Each structure stands twice: as structure tokens, then as C-alpha cells.
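Student: I should like to understand the terms used for interfaces in a structural model. Please set each value against its definition.

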Amino acid sequence: MKVWQKPGFWLPLVIVLVWGGAVLLIHQDTMRESAFVLLMAVGLASSLNILLGYTGYVSFGHIVFFGLGGYTGFYLLSEQGWPLFASAIGGGLLSAFIAGLVGLAVLRLRGAYFALATIGINEAARAFVSNFEPYGGATGMFVNFSAYQKYGGPGPALWTTFTFLWITTMVVLVASYLVKHSRFGLGLLAIREDEDAAMVMGVKAPKAKTITYVISAFFPGVIGTLYFFKNGNIEPGDAFQLHMSIEMLVMVMLGGMGTVMGPLVGAVGYQWLRGYLLTSPIFKDLHLAVAGAMLLVIILFVPAGLVGWVRNHVQRLQKVLE
Amino acid sequence: MLDQLISSLTDGLLLGFVYGVAAMGLTLIWGVMSVINLAHGPVIAMGMFGTYLLFTHLGVNPYLAMVPVAGAGLIAGLVIYVIAVHRVINAPHLSSLLATFAVNMIIIGVGTAVFSTSPQNINYSLGSVEVGFLTFPASRLVGAFGAILVTACLYLFLYFTRAGKAIRAVANNRMAAELMGIPSSRVLALSFGLGTMMAAVAGGLIATFFPFTVLSGGPYELKSFVICVLGGLGHPLGALVGGLMLGGLEGLIPTFMPVSWVPVVEFGLFVLVLLVRPSGLFGAK
Amino acid sequence: MILQVYDLTKRFGGLQALSDVTFDLHTGEILGLIGPNGAGKTTLFNVINGVYTPERGRVSFRGEDITGLPSYDVARLGLARTHQVVRPLHELTVRENVMVGACYGREKHSLKEARRLADGSLDKVGLLDRGDQPSGSLNVSQKKRLELARALAARPYLLLLDEVLAGLNPSEIASMMDTVRAIREDGISILMIEHVMQAIMSISDRILVLDYGTLIATGAPEEVANNPQVIEAYLGDPNMTARLLAE
Ligand SMILES: Nc1ncnc2c1ncn2[C@@H]1O[C@H](COP(=O)(O)OP(=O)(O)OP(=O)(O)O)[C@@H](O)[C@H]1O
Ligand SMILES: [Mg+2]
């Protein structure tokens, strides 16, 4: 069977397609804003999952690629006058390039050592960018207003940005599916299960891991550019939040790591929960504590995540929920 | 110039002792059970607030207050271990990382609800000490002394008590220790408790230097990572040395370049050491 | 000559795991490797296939020097192995496990061909009906056969088998022996470690004996069995004496 004949390929794609399409049709600003946050979460979590879910490498500081790519894209757009699309790709490519550069070295580390190194890389990048004058140092950059004019003013520009994000998210989901169901992906899964055994069977682990790291770094760079353009400014404190990095991990874990559908379900579930807790009169002050307690319950009792759990318990859904 | 350099370095080194204690808690837990405790920062903050509350509301001398704070830290660690860590102790690293991070969220969440995030400080001064041309707050000197005392106690405990020897046995080889009849679950819980106890005490000491908020533990947690890696993950004495190195760097760097470059150097060094010598600068290859 | 090992030496800290091991393996041969526990047999495999780098010595495979090559490059040249302590890729199905071997082995198959090839290998070891099961759910003897199927799917020229008979009951041993013979019939050379004496003596063309990292005897099974040094090495090992008596 070809890819386009598989329900597992279409399900996540159609969900995002219909959802983003509906937002574009209804054309309401508040709806766009909340959909932006959600789609961004889906995109980031899915990118992380390509590395985390398929190779088992826990990139704790993955947000560094959102930050570095976002900064670069923002700079190209605002200071160099590049179009949004090109800037976003530029941001993504820079993230991918950095990942390729550091990947070969840090991916030699295993388990918690790798996780620690990625935290270090994120903190070092944050500190560096805070000192990097072309990127505005500690105060960051504000968007050059003329950048909006290309898209017919700030209002329409936001819609354009949303459309790009929508498409990017779908591309991430497609990439995630294709990687998982390719020969390359099979090698990654083997690395995840037992890296040494995989190498004995001929899987070139160092190369495969680095390529995967590059792929999973590219999309956060694109998404970062779109996000900070939407915000109108960028600063080190927003671009390299370790907390956001961990939220991405939580979303992947919640939905089910190593599945294509999982990060989608996890991101939407997490954001919905967060929104609910933040606005609920009972939990408002304690939202962080409640979210923490729920995370703990998931990790201790449903380690496969929601999608993983359903897949393990309902045989018939295995072909649909990839 | 030289005067300024020496005084800045001294300042950094004194602070480094306290960093060392914070990192020692993290490295102890890692060494015994290969878990990176992401609730480390909030526990440091709890130590700050415990000391603060005892001092401000009950008038307890902050240094005396650290005794009950240490006790509370130990108990908190035992509770965290039993609830959040024990079940994932043999699971992949991601599970224990996220489980301890969940605890982090819970503590920060409750802490924010109770104390808000506005800064507090312990209004207790010991004056300052002058040695030659050097002048520094006496609290730094007491802090460093406290750090050495805590380290000495930890070592006496690990090397001269039954429980301490059991911890070392489990750290060395959990399976072998179990075969010899050491109840490993209890030993793991105790180690986790000791680790958080060190964090709480470090928090108390730091609170006598600087103002702090519920979120203040975070930066010290990150510093602890750096220190542990410099000194070799899993080696308590290495953590003290690593702490001194980090403190020294923080004292020295600002005399050569803007202060804002300090974290670039720190974390750059951190990643480099992880890559080149993951066993630490002094650890066996 | 498919494999030539010359002067191979491997140390773990103070422990000399292999000292100056030298031997040849002829094309189409089944070469047995025996020796007491801890003699360095598994280590020899690990050095040959690139899991460890030797301190000294040379390994050449089909005329090519492969000393110090990473294990994945060795695998791609057509050298496959099984593990003494089984290492299934737990979360993957039995079939997917074998497909990894086919995709990344000597012939680098696409997923589709790999699936076909995997079924062939699974059939050979009698696991075809378990193809869709997660490999973590197999029992030990099935996991041993999975190891073998995975290695076969790589279509190797040379197969290193590390105690594939250990832990199997007599009838399972007999069927595994048939499988190994059939593999040789397909033209694959075999180097196999075994503690089950009767089996290894009957199946091997020649036997190597390793003791404390040193090769103490080489030759036909009967020769080796009557070699006084070999007998001494084994009698020095109470474990092995017990095993010999049991047979
Ligand atoms: N990675 C390693 N690090 C340190 N020592 C090792 C390592 N691997 C093996 N050894 C040691 O090398 C020696 C040889 O081990 P090896 O596993 O090769 O023996 P073996 O002949 O396969 O034994 P068995 O019959 O029990 O499988 C043993 O003393 C073992 O403890
Ligand atoms: Mg062996």
C-alpha cells in the first residue's frame, strides 16, 4: 500500500487541515490567536517527537532551535527586509545547520548526559544571544514596521503568518509520518530500542542520529520566526525558555511518544488543560501545581501516553492511530 | 587592578563553597541512582523560605534555623522519593526527568500561590570582615564555613556509619548490594533525602547573602548541573571543587569582560567538559 | 579464507581478555569456539565485529582489513552475529526486528523487499507465525531464534553465533542444530561459541579452544577433546566439569 492509501497518514493531516481551514474561513482574530498557539504547540511537539520518539534521545533544551531560528528569521525579516517565507526558511536552515554542527558531538552522549548537554547548549545560546549586538543584545529586536506593509498592514500580515504556520504544521506531521515509516525510520527505532545492537545489525547510528537531529531542529526554527514576527518583538528571555522546552516534552509524553498522532493529541490536550486551569476560579492560583500533579500521574501510570495506551488496548485502532 | 582581582576572586570562592553544597545534593542523588533531580531548584527555594520564615516570624537565628530546615529537607526528599521517583527508578531517563520535573511544578505552583513571586530577604547582618585590603560580608565567611562543615558531616556519615556505607555500596553496584542483603529501596530513599537536605541547607545559606523569590532556585539548579559536570557527576567532593571553580570563574571573568559573558563561558565550558571528559575534570577517564 | 585473525590482543583495564589470538576460518567451514566461562570468547566476537577496538593485532575479512572499523561497517560487509544475552528490539514486532537486519545488512534492501526477506528468515527458524507479535513478548528460546533470523536476514557471508544452544531443551537443541547445518548448506561460513560439548563436537569441522584469553588448542574435534591442556583447562573449572558430567 502506498502512503496516501493509509488512514494513519491522513488522520492527523485532515484534522489540522480542516481546523486551520475553518479558522481561515471564519476569519476571527481571537480564534486565530488561540489556534496559533495550539498549532505552534503541535508543530513543536511533533518536531521534538521526531528525535525523542523515534531515536529515544531526550533533547531537554530543544527550544534552543526555536530561539536561534526565530532570532535569525526575525533578523532577516526585520533588518534585512527578506520576505516572511524566505526568512522563516532561513531561520529553519540556521537551526538545522547548528544542529548538524553540534549533533555529531553531543549525540555521542547517551541518556541523561545527552539531556544535560542540551540544557547547557540552550543556556549557552541564550547567554550568547544576550551579548550579540546584531541581534539587539539583552533587549532584543522590534519588528521593522515596513515588514508589515508587504502584507497589507499588521492585520493581514497576521493572517499570512497564521497560514504559514498552518502549512508548516502539516508539513511537520507529514515528515513525522514519512520518517517513521521509512527504511531510515526503522533504523531509528532500532537505535531507540538498543543502539549497540542496531549498530551490530548495520545501522549507522551516528549519521542517522545527526540527520534526525537536523530534521527535528529545522521546523522549530521556522516556527520560531513565524511566532516572533506575530509578536512583533523578540528577546532572549522569550526565545530560550527552558520551561517551554519541557512543556514540549510533556506534550509528547502526554500524547504518546513515538507516534505521529501523539504529539497532536498531547499538544492540544495540554494547552486545553492549561487554559482551563488558568481560567478556573478553583485552580487559577494553583494551576502549575495541578498541572504538575497530572503530569506525575501520567508518567507513573500511563507512560505510553494517551495514543500509546489506546493503541495497546484497542487492536483495531492500531492502523488508524499511527 | 590586582587588588580588585584578588577581592573579586575571594568573593567568588567564598560563594563557591555554598554552590558546592547545592551541587553536592544533586551529585549524590545521581551517583546513587542515576536520576537527575529536576526538583532541585525548588527545594533550594524551600530552604530559603524555611530559613526566612523561622527568622522573620519566630525570630530564630538564621544559622540555627538551618537545623530544622535540614530536617524538613530530609523528610521532603523521602516523600518525593516515595511518591514520584521510586516507580520510575528503573524506567528510561525521560521518566525520572519528567517525574522530578512534575514535582518541581508542584512545589513552584504551591509556593507561588502562598508566597507570590515578590522578593524577600533575611534582614540579618553580621557586619563585614576586613583582611588586609579585602573587605567582605561576614555572612560569606560563615557561609563558607557552614559549607565545609556540611561536607565534612556528609563524608563522616558516608564513611563511618552503617547507613552511609550502605549508600556507598548501593551507589557502587545496586544489584550486588541487594544480594548482600542491603534493603536498596530504603537506601535509595535515604540518599534522595540527603540530597534534598543538602539543597535545602544550601538554599538557607544563600538566603543569608541575597534577596530571593520562589523562583530563585532555578539558576542555582543550573549552576549545580555545571558544577556536577566539572567535578564529575556522582562525586560529592568533586562537587565542592567544582563549586569553587565556578565561584572562582564568576569572580574572575568580570574583571576581563562584561558580566553578561559569565553564563556564556560557564555553559560553554559545561558542554565542552561533558563532551571531552564526561567523568569530570578530575574523574578517572 | 574468509576470516583471518592475527595476533589479536584486548585489555579491559588490568584484565588481559585476549592475548595474541591468531587463527583462520576457511570459506564454508563451521569453526567451533570453546573455553571455560570468562575465557574471552564473547570478547573475541566483539573485537572481530568492531564493537571493541583491539590494542593490537589485525582482523581481515574476505581479504579486507577490518580492524577498528565500527560495527555497522563490518555488518555491511557481510558479517552478522547473534548475542549471547539476547537483545531483541523490544517495542518492535518480530518481523520488524528481522527487517532491520535485512535493510541494513549486506544487501541494503528497501522496506518492501526486507519484509519478504524477513518472512523467509523467520520461516527458516520457525518463527513465521509470530511475526506480528512484539519481540519483547517472546520466550528465551524464541528470542534466541529471533537473534538468528535477524542475522540471517542480513544475508551475511560469515555468521558469528554466540551460544545459540544455551538454555534450550534437548529437542530445541536438535532443531537448532538442523537450522545451523541448513545455514551452512546455503554457503554461509560459521564461527560458533558453544558450551554444549556434544553438539559443538558433532557439528564443527574444527575447534578453537580459548583459556584466559589465550588460544590453547586448534584442530579437529577428536584431537581437541584428547588434548591434555584442554582437559586441564576444563577440569580447572568446576562449572564445566559438572556440565561435562551431565552430558
Ligand atoms: N566490557 C567489559 N569491561 C570489562 N571487562 C569485561 C568486559 N567484557 C568482558 N569483560 C571481562 O573479560 C573476560 C572475558 O569475558 P567474555 O565475556 O569474553 O567471556 P566468555 O568466554 O564469553 O565467557 P562466557 O562463557 O561466560 O560467556 C571476563 O573476565 C569478563 O569479565
Ligand atoms: Mg560469552
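Tutor: Let us take the domain interface of chain C in this predicted model. The area buried between domain 1 of chain C and domain 2 of chain C is about 1400 Å², of which carbon and sulfur atoms give 63%.

Student: Why is this called buried area?

Tutor: The term denotes the accessible area (1.4 Å probe) that two parts lose on being put together, summed over both. In domain 1 of chain C, the residues that lose the most area to domain 2 of chain C are C:Arg76, C:Tyr157 and C:Met176, together 32% of what that side buries.

Student: What conventions apply to the numbering and the values?

Tutor: Residues are numbered from 1 along each chain as its sequence is written, while chains are lettered from A and ligands numbered from 1 in the order in which they are written. Because the model is predicted, local features need pLDDT of at least 70 and side-chain atom pairs count only at pLDDT 80 or more, whereas totals for chains, interfaces and linings use all residues; side-chain values use heavy atoms, with hydrogens and water left out.

Student: What makes domain 1 and domain 2 of chain C separate domains?

Tutor: Domain bounds come from an automatic or database domain assignment. That assignment gives domain 1 as 1–78 + 157–247 and domain 2 as 84–155. Their C-alpha centres lie 23 Å apart. The contact (heavy atoms within 4.5 Å) takes 19 residues from domain 1 of chain C and 14 residues from domain 2 of chain C.

Student: Why is the pair C:Asp186 and C:Lys124 called a salt bridge?

Tutor: The rule asks for a side-chain nitrogen of Lys or Arg within 4 Å of a carboxyl oxygen of Asp or Glu. The closest N and O atoms of C:Asp186 and C:Lys124 are 3.5 Å apart, so the pair qualifies as a salt bridge. Across this domain interface the rule finds 1 salt bridge.

Student: How do you know that A:Asp196 and C:Arg87 form a salt bridge?

Tutor: Their closest N and O atoms are 3.9 Å apart, which is within the limit of 4 Å, and therefore the pair counts. Between chain C and chain A the count is 2 salt bridges. In that interface, 27 residues of chain C are in contact with 21 residues of chain A, and the buried area is about 2000 Å².

Student: Which classes of residue make up the side of chain B that touches chain A?

Tutor: Ala, Val, Leu, Ile, Met, Phe, Trp, Tyr, Cys and Pro count as nonpolar, Asp, Glu, Lys and Arg as charged, and the others, Gly among them, as polar. By these classes, that side of chain B has 30 nonpolar, 5 polar and 1 charged residues. The area buried between chain B and chain A is about 3300 Å², of which carbon and sulfur atoms give 85%. Across this interface the rule finds 0 salt bridges.

Student: Why are E1 and E2 of chain C called paired strands?

Tutor: Strands are DSSP runs of E with at least two residues, numbered from the N terminus, and two strands pair if DSSP finds at least two bridges between them. Strand E1 (residues 3–12) of chain C and E2(C) have 7 bridges in the antiparallel sense, so they are paired. C:Leu8 stands opposite C:Val21 in E2(C).

How values were computed: Helices (H or I, at least four residues) and strands (E, at least two) are DSSP runs, numbered from the N terminus.
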